[in-house]
Amino acid sequence: MVLPPPPPLDAQDPRSFAHLTLVHRLPRLVSDLLATAPLSAGARARLEEAVARPLQIPVRRLPLPTEDSRRWEEFFATYLGRRLAVLPFFLWEAYLYAWLLLETGYFETGIDPFATAKREDFAVSLLAMEEASRAALEADAGPAGPALRAAVERSLKANLADASNPEMQAFGAGRTALLHEDPWSEVLGLLTAGDRIRILADNAMSELYYDLLLARALARAAPRAAIELAVKRDPMFVSDATALDVDRLFELVDEAPGAPGLGRATAEVRSLLASGRIEVRAYPELNAPWNLSAPGLAPIVAAPEVVLVVKGDANFRRALEDRAWPPTTPLELACRAPLRRAVFLRVLKSECVAGLSAEAVERAGREDPGWRTDGRHATVQILRRAEYPAAGLAG
């Protein structure tokens with residue numbers, strides 16, 4: 001008998017992270033935009049209303065650009081008029097950020113309303129990025145395997161960066177611990193065996209830089225593989241990476257004083273990009289209100305020749321449809337997306353989790369009651385499938 005999947009997470013439980021996000025994190029984000037963004041009187045009034053009554057925010061049809069509207073049609077047909085609090089967590093987050101882009105005039109001006117937060121992340125991370133750059137350059141003198149492992153670990157720990165949740169980032173800094181036994185041999189074997197490697201990026205600036213260092217290490221360790229960094233076309237979740245953020249990152253590096261290692265490593269990344277050895281590609285589909293199981297995302301995540309590096313909390317949630325899975329559910333069952341070969345690199349920042357041992361869950365809960373959401377634990381998980389077992393999943 002095939003059991004139905006658990007329900008999606010939502011904001012109806014006052015103890016949930018989704019509720020905390022809607023009631024506390026959203027008003028803080030909107031207040032920041034009210035203080036910094038050039039807004040029309042109408043936009044300002046609508047945002048002030050949202051801050052005052054976040055649990056009452058309804059879904060309204062958004063006047064999105066035509067291409068985007070097609071991707072949102074099913075969402076509006078299903079949820080128009082309903083309160084965000086009763087929607088699945090990921091879907092109402094996606095709606096909110098599309099709405100904020102409209103209210104701040106992004107689609108007319110192309111100005112990222114979250115650019116200030118991204119620049120601040122670069123500034124506070126500059127010293128750490130310089131040290132990581134020097135370590136990566138020194139590692140070039142040795143074998144490619146250890147250098148790749150170090151790059152993967154840096155990319156994982158950099159996922160703590162989250163401009164939408166600075167308190168969590170500060171609390172977890174320097175404390176992030178793996179919830180698994182040593183996964184590295186299998187991880188490195190998978191990454192160096194693929195013909196195509198696609199890194200599904202998460203945050204911009206500091207994490208984006210470490211992802212580019214990972215791509216650089218992959219170019220050396222897997223010399224025949226095509227390497228792609230997949231980013232969003234438009235800003236999302238405050239700090240999510242876009243193609244424009246890559247250009248901004250390089251500009252900030254050029255302006256950074258006293259960071260020779262950062263400059264040299266970045267120059268090598270730019271050379272790899274210019275030669276086509278590494279490609280940055282922006283996917284507008286990643287801004288849609290779709291889980292990774294959506295047919296529209298299959299060309300990005302389901303290609304059998306691609307090894308997918310799935311970065312971060314939101315991408316993990318999308319792969320598991322952001323459902324309330326028991327944390328010991330096997331990852332191959334909880335992952336509803338048609339991934340074939342994937343490595344998940346994630347610092348835990350929300351409640352959706354699967355693929356853990358009972359011992360790891362018990363230990364984490366005993367040592368840290370907020371382990372799912374406080375940035376103090378991380379997962380490195382591997383998914384291998386001969387084919388996507390769609391017939392084995394209900395719902």
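Leaving aside its neighbours within four places in sequence, which residues is L55 in contact with?

**Figure 1. Close-up of L55 in the loop between α2 and α3 of the predicted model.** In this predicted model, L55 is in contact with H19, L22, V23, R83 and A85, once its neighbours within four places in sequence are left aside. The loop that holds L55 runs between α2, which spans 41–52, and α3, which spans 66–79. With a relative accessible area of 29%, L55 is partly exposed, because that category takes in values between 20% and 50%. P257, which lies 202 residues from L55 along the chain, has its C-alpha atom 45 Å from the C-alpha atom of L55.

**Figure 2. Overview of the protein chain, given as the setting for the close-up views.** The protein chain is made up of 395 residues, 56% of which count as buried, and it contains 16 helices and 7 strands. Its radius of gyration is 20 Å, close to the 21 Å that the globule rule gives for 395 residues, so the chain is as compact as a globular protein of that length. Taken along the principal axes, the box filled by the C-alpha atoms is roughly 60 × 55 × 45 Å. If one considers the contacts between residues at least 6 apart in sequence, 79% of them join residues at least 24 apart. The chain exposes about 16,400 Å², and carbon and sulfur atoms supply 54% of this area. There are 46 positive and 52 negative charges, and the mean positions of the two sets are 2 Å apart.

**Figure 3. Close-up of D10 in the segment before α1.** D10 and L87 are separated by 77 residues in sequence, while their C-alpha atoms are 6.0 Å apart in space. L87 is also one of the residues that D10 touches when those up to four places away in sequence are not counted, and the others in that set are S16, A18, A85, V86 and F89. A85 appears in the surroundings of L55 as well, being among the residues with which L55 is in contact.

**Figure 4. Close-up of A37 in the loop between α1 and α2.** The helix α1 covers 17–36, and A37 is found in the loop that joins this helix to α2. At 12% relative accessibility, A37 counts as buried, since the limit for that category is under 20%. Leaving aside its neighbours within four places in sequence, A37 is in contact with R44 and T104. The C-alpha atom of A37 is 33 Å from that of L345, a residue that lies 308 places away along the chain.

**Figure 5. Close-up of L286 in the loop between β4 and α13.** The strand β4 spans 278–283 and the helix α13 spans 298–301, and L286 lies in the loop between these two elements. L286 has a relative accessibility of 3% and therefore counts as buried. Its contacts, with neighbours within four places in sequence left aside, are L200, V231, K232, M236, L297, I300 and R318. G296 is 10 residues from L286 along the chain, and the C-alpha atoms of the pair are separated by 9.4 Å.

**Figure 6. Close-up of E321 and D322 in the loop between α14 and α15.** The loop lies between α14, at 313–319, and α15, at 331–334, and E321 is found within it. Although E321 is not a glycine, it has a positive phi of about 55 degrees. D322, which lies in the loop between α14 and α15, likewise has a positive phi in a residue other than glycine, with a value near 50 degrees. E321 counts as buried at 13% relative accessibility, and D322 counts as buried at 2%.

**Figure 7. Close-up of C335 and C352, shown with regard to disulfide bonding.** A search of the whole structure finds 0 disulfides, and C335 is accordingly in none, the nearest cysteine sulfur being that of C352, 10 Å away. Why does the sulfur of C352 form no bond with the closest cysteine sulfur, in C335? The two sulfur atoms are 10 Å apart, which is too far for a bond, because a disulfide requires a pair of cysteine sulfur atoms within 2.5 Å. C335 is buried, with a relative accessible area of 0%, and C352 counts as buried at 1% relative accessibility.

Conventions. Residues are numbered from 1 along each chain as its sequence is written. This is a predicted model: local features need pLDDT of at least 70, side-chain atom pairs count only at pLDDT 80 or more; totals for chains, interfaces and linings use all residues. Side-chain values use heavy atoms; hydrogens and water are left out. Buried means under 20% relative accessible area, exposed over 50%, partly exposed in between (1.4 Å probe, protein chains only). Helices (H or I, at least four residues) and strands (E, at least two) are DSSP runs, numbered from the N terminus. The radius of gyration is taken over C-alpha atoms; the globule rule is 2.2 Å times the number of residues to the power 0.38. Contact means heavy atoms within 4.5 Å. Accessible areas come from the Shrake-Rupley method with a 1.4 Å probe; for residues, only the protein chains shown count as cover. Lys and Arg count as positive and Asp and Glu as negative; His and the chain ends are not counted. The place of a charge is taken as NZ of Lys, CZ of Arg, CG of Asp or CD of Glu.
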